[in-house]
Amino acid sequence: MNSTETHHEVDKRPLVVNVANPDDCVVTNRLPLHERLDRQTRDQVMRAAVAKAQDLIGRNRQKMVDDLEDWEGWRARAEQIRQDVLENIDAYLYKLSEEIDKRGGNVFFARTKEEATDYILSVIKAKNAKKVVKSKSMVTEEIGLNHVLEGAGVSVLETDLGEYLLQLAKDPPSHVVVPAIHRDRRQIQETLRKTMGYTGSDTPEDMTLFVRKTLRPEFFAAYVGISGCNFAVAESGSMALVSNEGNARLCTTLPKTHIAVMGMERLAPSFAEVDVLITMLARSAVGQRLTGYNTWLTPPKRSGELDGPEEFHLVIIDNGRSDILASQFSPILQCIRCGACMNTCPCYREVGGHGYGSIYPGPLGAVLTPLIGGYEKFRDLPQVCTLCTACDSVCPVKIPLSGLIRRHRIAEVEMGIRPTGEKLAMKGFGVANGSPWLWNLTMKAGAPAMKLGIHNGRAPIEPSVIKAWTNMRDLPEGDGESFRTWFAEHEKSLENKKNQK
């Protein structure tokens with residue numbers, strides 16, 4: 001049933017997901033929401049960079065949508081594939097693990113982030129590796145892998161260009177596809193100058209060449225490579241990696257040991273389904289028919305093969321996903337991490353990824369982060385949304401994001417965790433709205449009060465909520481007459497004219 005409203009009325013699954021072990025790893029900023037938003041809206045570099053990226057990606061995406069012709073048909077097929085995976089996830093995971101085991105690979109199912117990081121660290125220690133090279137992976141950000149490895153004395157080198165630059169700047173990513181979307185080239189040049197002694201220009205070509213020369217020797221020196229996994233193919237035990245840089249291939253084929261990390265939902269039954277999903281992913285993420293590199297790995301390498309790791313480990317992470325799957329929020333697990341919802345979201349445009357304070361920003365983060373990080377830390381994220389439904393219309397797998405955000409709001413009200421002021425305001429509105437006499441009185445008194453009290457777009461007394469609003473906008477100055485009063489006079493005037501005839 002695709003209708004969010006109808007689905008909510010009949011869905012008997014739990015609305016509230018109990019987070020037994022709230023995830024601190026997804027936190028990127030511990031400032032209160034309003035302080036984060038205030039800081040972000042004052043960051044003109046970030047706002048200009050995000051707006052430029054949204055506009056460019058949006059135009060390119062639309063060209064690719066038109067190029068595919070039956071876009072809605074492709075969306076429906078992609079949604080069907082993802083829903084089939086979730087409905088049969090146990091069978092597909094079993095098939096995947098069996099195929100990898102046949103080839104001599106290792107599969108580890110991690111119930112928690114701690115189990116995942118402990119296992120990965122044990123593999124690295126067994127190899128006596130002091131440095132690992134790593135390609136871009138949001139799920140490793142989710143479990144805080146870099147922090148754990150560095151705490152154990154293992155040097156972690158991010159090799160995706162954007163992630164590498166952010167690692168140098170000690171800055172978390174702000175987008176699931178374009179991690180450094182919030183930075184301009186002059187900031188990047190300054191980071192390279194301060195941390196790496198770079199003396200070149202601020203052109204993307206010069207800076208990229210400098211980073212390339214810096215990173216290339218590291219791939220040959222590393223004994224362990226870590227990657228994410230866009231899709232794991234159950235029928236063959238293969239990994240599909242999608243990127244626009246060659247670093248993912250180097251991370252997964254040059255080191256003797258390859259560790260792939262994936263959320264348990266990142267599955268496809270066969271290569272036929274991956275074909276559909278990659279088609280939708282590339283067009284939705286960056287507006288390309290295909291990304292520069294589409295890598296298919298079926299490790300470890302067999303006897304006689306020249307390329308590939310000698311040892312392969314796949315770490316499949318739950319980290320609350322089983323509970324999400326059993327709840328009314330299960331559609332969020334259809335996500336293929338294309339970032340299209342962020343690329344169209346008006347809130348993301350104004351506050352950027354760091355405004356959400358989570359490794360998962362935008363509409364995706366507003367839904368997913370409270371489920372894995374808990375309402376205590378992230379109860380405000382579902383409020384960072386206008387419910388304009390733009391994200392619903394661009395999601396390539398048809399996740400009803402705005403409807404899921406509404407469900408979070410409903411859950412928070414039912415749990416009684418909304419701020420006291422908000423509860424009192426809603427209760428007062430309910431009392432006034434439930435009494436016709438009181439409502440009419442409020443409307444009649446409100447119009448003259450607006451005329452007397454509002455000047456130059458400001459009210460004489462502004463509670464915090466109104467003050468935050470008027471900092472960006474002007475309150476309307478009334479003429480002292482309510483609509484109901486005007487309408488009654490208008491009707492009376494028409495009646496008088498009719499009688500005079």
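What follows is a walk through the fold, the aromatic contacts, the cavities and a handful of individual residues in a predicted model.

Confidence comes first. Average pLDDT for the protein is 91, and 95% of the residues reach at least 70. The weak spot sits right at the start of the chain: residues 1–8 stay under 50, and the model gives that stretch 13 contacts beyond four places in sequence. Where pLDDT is low, the predicted coordinates should not be read in detail. Those 13 contacts of residues 1–8 are therefore best left without a detailed reading, given a pLDDT under 50.

As for the overall build, the protein has 24 helices and 10 strands. Its C-alpha atoms fill a box of roughly 105 × 55 × 45 Å along the principal axes. Of the 501 residues, 48% count as buried. Among contacts with a separation of 6 or more, 75% are between residues 24 or more positions apart.

Next come the aromatic side chains. The structure holds eight aromatic pairs. In one of them, the ring centres of Phe 429 and Trp 439 are 5.9 Å apart and the planes meet at 85°, so this pair is edge-to-face. Phe 429 belongs to helix 21 (residues 420–433) and Trp 439 to helix 22 (residues 436–453), so the pair ties together parts 10 residues apart in sequence. Phe 429 is partly exposed, at a relative accessible area of 44%, and Trp 439 is also partly exposed, at 22%. With the buried class ending at 20%, Trp 439 at 22% therefore falls in the partly exposed class.

Phe 483 and Phe 487 make a pair of the stacked kind, with 5.8 Å from centre to centre and 25° between the planes. Both sit in helix 24 (residues 483–500), and because they are four residues apart there, about one helical turn separates them. Phe 483 counts as exposed, with 59% relative accessibility, while Phe 487 is partly exposed at 39%. Trp 486 joins Phe 483 and Phe 487 in one aromatic cluster.

A charged side chain also meets a ring in this model. Arg 266 lies over the face of Phe 231, 5.6 Å from the ring centre. Arg 266 turns up again among the contacts of Cys 229, along with Met 239, Ala 240, Leu 241, Val 261 and Met 262, once neighbours within four places in sequence are set aside. Cys 229 itself is in the loop between strand 4 (224–227) and strand 5 (231–233), and at 8% relative accessibility it counts as buried. From Cys 229 to Met 138 the C-alpha distance is 9.6 Å, with their positions 91 residues apart in sequence.

On to the empty space inside. A search of the whole structure turns up three cavities of 30 Å³ or more. The largest has a volume of about 110 Å³. Its lining is made up of 16 residues, and those nearest the centre are Cys 335, Cys 338, Cys 341, Cys 395 and Leu 401. Helix 15 (residues 340–344) gives the most to this lining, with three residues.

Two serines are worth a look as well. Ser 330 is placed in the loop between helix 14 (321–325) and helix 15. Ser 330 is buried, at 9% relative accessibility, and apart from neighbours within four places in sequence it is in contact with Arg 13, Leu 86, Ile 324 and Leu 325. Ser 402, by contrast, is found in helix 20 (residues 401–415). Ser 402 is buried too, with a relative accessible area of 9%. Not counting residues up to four places away in sequence, Ser 402 touches Leu 387, Thr 389, Cys 391 and Asp 392.

Finally, there is Ile 100, found in helix 5 (residues 89–102). With a relative accessibility of 0%, Ile 100 counts as buried. Leaving aside neighbours within four places in sequence, its contacts are Gly 105, Asn 106, Val 107, Gly 237, Met 239, Phe 312 and Leu 314. Met 239 is thus in contact with Ile 100 and with Cys 229. Ile 100 and Ala 390 are 290 residues apart along the chain, and 40 Å separates their C-alpha atoms.

Key: Residues are numbered from 1 along each chain as its sequence is written. This is a predicted model: local features need pLDDT of at least 70, side-chain atom pairs count only at pLDDT 80 or more; totals for chains, interfaces and linings use all residues. Side-chain values use heavy atoms; hydrogens and water are left out. pLDDT is the predictor's confidence in each residue, from 0 to 100. Contact means heavy atoms within 4.5 Å. Rings of Phe, Tyr and Trp (its six-membered ring) pair if their centres lie within 6.5 Å; planes under 30 degrees apart count as stacked, over 60 as edge-to-face and the rest as tilted. Buried means under 20% relative accessible area, exposed over 50%, partly exposed in between (1.4 Å probe, protein chains only). A charge sits over a ring if NZ of Lys or CZ of Arg is within 6 Å of the ring centre and within 35 degrees of the ring normal. On a 1 Å grid over the protein atoms alone, a cavity is a set of points where a 1.4 Å probe fits but cannot get out, and a pocket is an open set with protein on both sides within 12 Å along at least five of seven lines; lining residues have an atom within 4 Å of a point. Grid points are joined across faces, edges and corners, and a volume is the space filled by probe spheres set on the points.
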